[in-house]
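Here are a few exercises to work through with the model open in your viewer. Try each task before you read its solution.

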Amino acid sequence: MDNTSDHDPICMVLYINVALLIDVKRAYTPQPSWNKANINDIENYKSLLRLKLAEIKVPTAAICCSDYCCKNNDHFESINLYVSQLADACLQSAEKTIPFTRRRGERGCIPGWTEQIAPLRDKSMFWHRMWNDCGRPHNGIVADIMRRTRLQYHAAIRTVHRNENDIVNERFVSSIVNNSSRNFWYEARCMRRKCDSNTSSVVDGQTNAGKRDGSLGLVSDHFINACVELSVHTAMLFSTMLVHGFATEDMATCTLIPIPKGKNVNVTDSDNYRCITLSSVFGKIFDLVFLNKFYDYLCTSERQFGFKRHHSTVVVKMGPERTLHFFTK
Ligand SMILES: [Zn+2]
């Protein structure tokens with residue numbers, strides 16, 4: 001055996017059918033924009049969700065079942081159905097009440113349009129109509145003003161396009177200043193298309209906003225902003241899952257997203273990608289509930305730094321670095 005460590009290796013062979021996707025054009029799917037939602041939107045979301053949850057037929061047979069050796073397939077199927085009904089209720093409620101994202105640069109969505117371009121456009125259109133009414137003359141005061149205002153309008157479009165990033169950044173700063181409920185670092189990461197932080201909570205302030213699953217389309221915000229009834233349904237779901245020793249299809253599904261390691265890398269080489277895994281939001285909440293309840297009983301090695309509260313893998317990296325620095329300074 002070449003392996004002299006005390007770790008047991010796990011070997012796995014995967015046979016996966018990989019199909020080449022010919023259409024590589026990035027599809028844009030509008031998503032609920034929870035940041036844009038105001039208090040009324042959130043209240044409407046809660047009310048509609050409450051109504052939709054009331055319509056769900058709770059699988060009482062599975063929930064009341066206390067047989068730890070239960071092999072009843074109907075119970076398993078009804079638990080799966082229950083999860084998808086809860087997810088649908090959240091998604092449909094958000095669709096009707098929460099504003100949706102729009103593609104950047106979409107018509108009517110150019111940053112700075114309203115402030116910098118729209119007045120010049122209106123002025124230009126006014127003088128264009130005036131010039132039309134005057135019989136479209138080639139020379140004269142009206143023709144000159146029409147051309148001058150049109151030039152100003154087109155120049156403003158070019159300026160706005162050139163300064164698009166600055167305008168977006170300025171708006172971002174002012175929106176943070178004017179709305180303290182928005183989290184700076186969350187917004188900053190969203191702007192870099194890496195949504196992964198906030199401190200809003202479902203379970204003791206630990207569920208991060210903007211956490212997406214890869215399958216159902218749920219985001220942790222659906223739970224953070226939900227009515228109390230959803231917690232009751234979720235608790236019943238988790239209880240029956242524990243009794244049956246069963247994980248739903250949603251919780252057993254992961255979506256791998258390959259991200260190129262840089263802008264100018266060879267994208268045909270799989271070594272130039274790192275993957276992130278999107279997993280079920282229900283699963284994340286279950287993990288948090290479990291960790292909160294049983295944290296004191298879960299012992300880990302003092303040398304484990306990842307997946308552990310108040311620890312970081314950066315600390316491991318720092319150890320050898322400090323040692324090297326000590327002996328080489
Ligand atoms: Zn059962």
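**Exercise 1: Confidence first**

What pLDDT does the chain average, and what share of the residues score at least 70? Then find the spots to handle with care.

Solution. Remember that this is a predicted model, so start with the scores. The chain averages a pLDDT of 82, and 85% of the residues reach at least 70. Next, go element by element: α3 comes out highest with a mean of 93, while helix α7 (residues 184-191) is lowest at 60. Finally, look at residues 193-201, where pLDDT stays under 50. The model still has 23 contacts beyond four places in sequence for that stretch. Don't lean on them, though: where pLDDT is low, predicted coordinates should not be read in detail.

**Exercise 2: The overall layout**

Work out how many helices and strands the chain has, and where the strands fall in the order.

Solution. Count the elements: there are eleven helices and two strands. Now read along the sequence: nine helices come before the β-β pair, and two more helices follow, giving α-α-α-α-α-α-α-α-α-β-β-α-α. For contacts between residues at least 6 apart in sequence, 61% join residues at least 24 apart. As for burial, 17% of the 329 residues are buried.

**Exercise 3: Two packings of α1**

Describe how α1 packs against α3 and against α9.

Solution. Two numbers do the job here: packed helices are described by the angle between their axes and the distance between the axes. Take α1 (residues 39-55) with α3 (residues 73-97): the angle is about 140 degrees and the axes are 9 Å apart. This crossing is right-handed. On the α1 side the contact includes Tyr45, Leu48 and Leu49, and on the α3 side it includes Ala89, Cys90 and Ala94. Sorted by class, that contact has seven nonpolar, four polar and three charged residues.

Now do α1 with α9: the angle is about 35 degrees, with the axes 9 Å apart. Leu49, Arg50 and Leu53 of α1 meet Glu229, Leu230 and His233 of α9. By class, this contact holds three nonpolar, one polar and two charged residues.

**Exercise 4: The nonpolar core**

Which elements give two or more residues to the largest nonpolar core, and which gives the most?

Solution. Begin with the core itself: it has 28 residues, and those with the most contacts inside it include Leu49, Val83, Cys90 and Phe282. The elements giving two or more residues are α1, α3, α9 (228-244) and α10 (281-294). Of these, α3 gives the most, with eight residues. Then zoom in on Cys90: leaving out residues up to four places away in sequence, Cys90 touches Leu49, Leu218, His222 and Ala226. As background, nonpolar side chains in soluble globular proteins tend to be buried together.

**Exercise 5: Two loop residues**

Are Arg136 and Val58 buried, partly exposed or exposed?

Solution. Start with Arg136, in the loop between α4 (113-133) and α5 (141-162). Arg136 counts as exposed because it has 11 C-beta neighbours inside 10 Å, and the cut-off for exposed is 12 or fewer. Check the backbone too: Arg136 has a positive phi of about 50 degrees although it is not a glycine. Most residues other than glycine have a negative phi.

Val58 sits in the loop between α1 and α2 (60-64). With 15 other C-beta atoms within 10 Å, Val58 is partly exposed. To finish, take the C-alpha distance from Val58 to Ile79, 21 residues apart along the chain: the answer is 9.3 Å.

How values were computed
Residues numbered from 1 in each chain as written. Predicted model: local features only at pLDDT ≥ 70, side-chain atom pairs only at ≥ 80, totals over all residues. Helix = DSSP H or I, 4+ residues; strand = E, 2+ residues; numbered from the N terminus. Buried ≥ 20, exposed ≤ 12 C-beta atoms within 10 Å, placed from the backbone. Axes fitted to C-alpha atoms, helices over the stretch in contact; angles between N-to-C directions. Left-handed = near helix turned anticlockwise from the far one by under 90°. Contact = placed C-beta atoms within 7 Å. Nonpolar A, V, L, I, M, F, W, Y, C, P; charged D, E, K, R; others polar. pLDDT = per-residue confidence, 0-100. Core = buried A, V, L, I, M, F, W, Y, C linked by C-beta atoms within 7 Å.
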